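Morning, everyone. Please have the sequence and the model open while I talk. I'll go from the ligands to the backbone and then to one helix.

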Amino acid sequence: MNDHDSEKVAGVLLARGYRQVETPEAAKVILYNTCSIREKAAQKVFSRLGELRPAEEKLTAVTRQPLAGEGTQDNFGKIEHLALAVREGAQPGIIPQTARDGAAVAVPQESRHPSQRKIVNAGGGKIIGVLGCVAQQEGEGIFERAPWVSLVCGSASYRKLPQLIAELEAGNRRVTGLDTDTDETFETEITRRDNPWRAYLTIIEGCDKACSYCVVPFTRGPERSRASASILDEVQQLAEAGYSEVQLLGQTVNSYADPSARKMRFSELLAAVAEVRGIRRVRFTTSHPRDFGKDIVEAIEAHPTICDHVHLPVQSGSTAVLRAMARTYSREEYLEKIALMKAARRPIGITTDMIVGFPGETEKDFEETLSLLDEVQYDGVFAFKYSPRPNTPSLKMADAIPEEEKGRRLAILMDRQREIQRVRNERTVGETFEVLVDGKSRRENQWSGHTSSNRVVNFTSPEQELLGDYVQVRVVSAMPNSLVGEMVGRV
Ligand code: 5AD
Ligand code: SF4
């Protein structure tokens, strides 16, 4: 999600005539995209910003201008992704995939955008901006602590970014976008996409669920869905531009509610996307169990282009904890959704998110989480230690679990799941999968890619060029997190 936000933000800058540079030193605009879903790490954001403090800042008096926007909250967060990150091996002209803790850097192409010169010369300074959840939470407080920052914009206000950047280009020192009550979604004309084969597409923004541990409803605002016709048009354009895989995104993607008269259900939208000419793989993430119905499984069954993978976060295997988390389903109700998938005509890979050490989680609750792992047999689990987040109801809940105990539970859970995955993956030895090749190793003849169920496969092939191709790979051995195979043909 955050990666795609970075792509969109980068798209806005590219459309304004900026280009990417390799280092923060060379940049005239540096944007940090931050995430605060877990971990208290505001200090990290500020120490990062401290590194960017320009030498001349010490000499230049800061003009405090009236701020547009509103809302400051005391908060923490961590830098997770950055808008225009720089990664090794970047091809010229292509902005590489975002990297954790990378820097968002861009310089104006003066030939295309002469007005930029003004900024270049403005006190020799750079435009430094903070985006994302930490921006949303800290608001104007960021200017107080890092006066060399000139842009603060939360993810619900990215639509305002072109305007905010225009204001900075016009000489404004401080601009903010902090509203969360917008009913607009962030649609950009030109979005830079980092993966040449997989295009991400946000179909629903924000979240109307109110899980008691989660900051997302505060930082990303209420749910807003994009009109189905606009989504389908974009998918069409993506297919024409050569993308064969699309991934539909949303915090609760399956809560999609078409705002247009067409009133497409999520499963109908999936089917319509799957039928777009040129699209060979459709993914979607993240699904919320409450809105996950049989119709989605039927869409997967009916359309081979819809990938056989569902990410369905459960968070806990204990109904008592689920209730405290306000997840709106019980263990049994969740298992009913799993049963729908297990009964599907083709196998569906299932992955999940889990939180350990939620306040009040007893040893027995935790045991229930472990037994859920055994029962569901997930293909992948993202497990997190509960991390208290500002403004969330669970912040004030009694019976906090000590960090050490959270760590112990996390390690047990991961060990258990690792063993499950080892066994599951080993069962695939001898099977042949269709793989979209998306990586080439430095070692000769070594390639990697993803199956429809999103398993990583490393394989050998003497072919010269396979990137972006769909090939058949037979699995020869398996590890808990990946498969090893050999190419046996093209698709
Ligand atoms: N503490 C720990 N994990 C969290 N997640 C969200 N909020 C928190 C929190 N406060 C996890 C959930 C969610 C994933 C994206 O992050 O498991 O599904
Ligand atoms: Fe957060 Fe719950 Fe919404 Fe997911 S569904 S984004 S965990 S509030």
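Before we start: helices and strands here are DSSP runs, at least four residues for a helix and at least two for a strand, numbered from the N terminus. And keep in mind that this is a predicted model.

The overall picture, quickly. The protein has 14 helices and 20 strands. It has 491 residues, and 57% of them count as buried. Take the contacts with a separation of 6 or more: 74% of those join residues 24 or more positions apart. The protein exposes about 21100 Å², and carbon and sulfur atoms supply 49% of that.

Now ligand 1. Which strands each supply at least two residues of its shell? They are S14, residues 349-356, and S15, residues 380-385. The residues around ligand 1 include Asp-353 and Ile-355, then Phe-384 and Lys-385, then Tyr-386, Ser-387 and Arg-389. Ile-37, Arg-38, Tyr-213 and Gln-315 are also around ligand 1. By class, that shell has 5 nonpolar, 4 charged and 2 polar residues.

Next, its polar contacts. The side chain of Asp-353 puts an N or O atom 2.6 Å from an oxygen atom of ligand 1. A backbone N or O atom of Tyr-213 lies 3.0 Å from a nitrogen atom of the ligand. Ser-387 also uses its backbone: a polar atom there is 2.8 Å from a nitrogen atom of ligand 1. How much of ligand 1 does the protein bury? Taken alone, the ligand exposes 400 Å², and the protein buries 87% of that.

On to ligand 2. Its surroundings include three cysteines, Cys-207, Cys-211 and Cys-214. Lys-209, Tyr-213, Val-216 and Pro-217 are there as well. So are Gln-251, Thr-252, His-288 and Arg-327. By class, the shell has 6 nonpolar, 3 polar and 2 charged residues. Tyr-213 is worth marking on your screen. It appears around ligand 1 and around ligand 2.

Now the backbone. Most residues other than glycine have a negative phi, and most peptide bonds are trans. Here are some exceptions.

Gln-315 has a positive phi of about 75°, and it is not a glycine. You will find Gln-315 in the loop between strand S13, 309-311, and helix H11, 319-324. Is Gln-315 buried or exposed? Its relative accessibility is 6%, so Gln-315 counts as buried. Remember that Gln-315 is also one of the residues around ligand 1.

Thr-328 is another non-glycine with a positive phi, about 70°. Thr-328 sits in the loop between H11 and helix H12, 331-342. Thr-328 is partly exposed, because its relative accessible area is 46%.

Then there is a cis peptide bond. It joins Thr-285 and Thr-286, with omega about 5°. Thr-286 lies in the loop between strand S12, 281-285, and helix H10, 294-302.

Last stop: helix H14, residues 403-426. At 1.5 Å a residue, its 24 residues should span 34 Å; the end C-alpha atoms are 34 Å apart, so the two agree. The buried residues of H14 include Leu-410, Leu-413 and Ile-420. Charged side chains are on that list too, among them Glu-405, Lys-406 and Arg-409. What covers the buried residues of H14? The cover includes S14 and S15, helix H13, 363-376, and strands S19, 470-478, and S20, 483-490. Those first two strands are the ones we met at ligand 1.

Conventions: Residues are numbered from 1 along each chain as its sequence is written. Chains are lettered from A and ligands numbered from 1 in the order in which they are written. This is a predicted model: local features need pLDDT of at least 70, side-chain atom pairs count only at pLDDT 80 or more; totals for chains, interfaces and linings use all residues. Side-chain values use heavy atoms; hydrogens and water are left out. Buried means under 20% relative accessible area, exposed over 50%, partly exposed in between (1.4 Å probe, protein chains only). A residue is near a molecule or strand if one of its heavy atoms lies within 4 Å of it. A polar contact is a pair of N or O atoms within 3.5 Å; within protein, one must be able to donate a hydrogen and the other to accept it, and residues adjacent in sequence count only if both atoms are side-chain atoms. Accessible areas come from the Shrake-Rupley method with a 1.4 Å probe; for residues, only the protein chains shown count as cover. The expected span of a helix is 1.5 Å times one less than its number of residues. Contact means heavy atoms within 4.5 Å.
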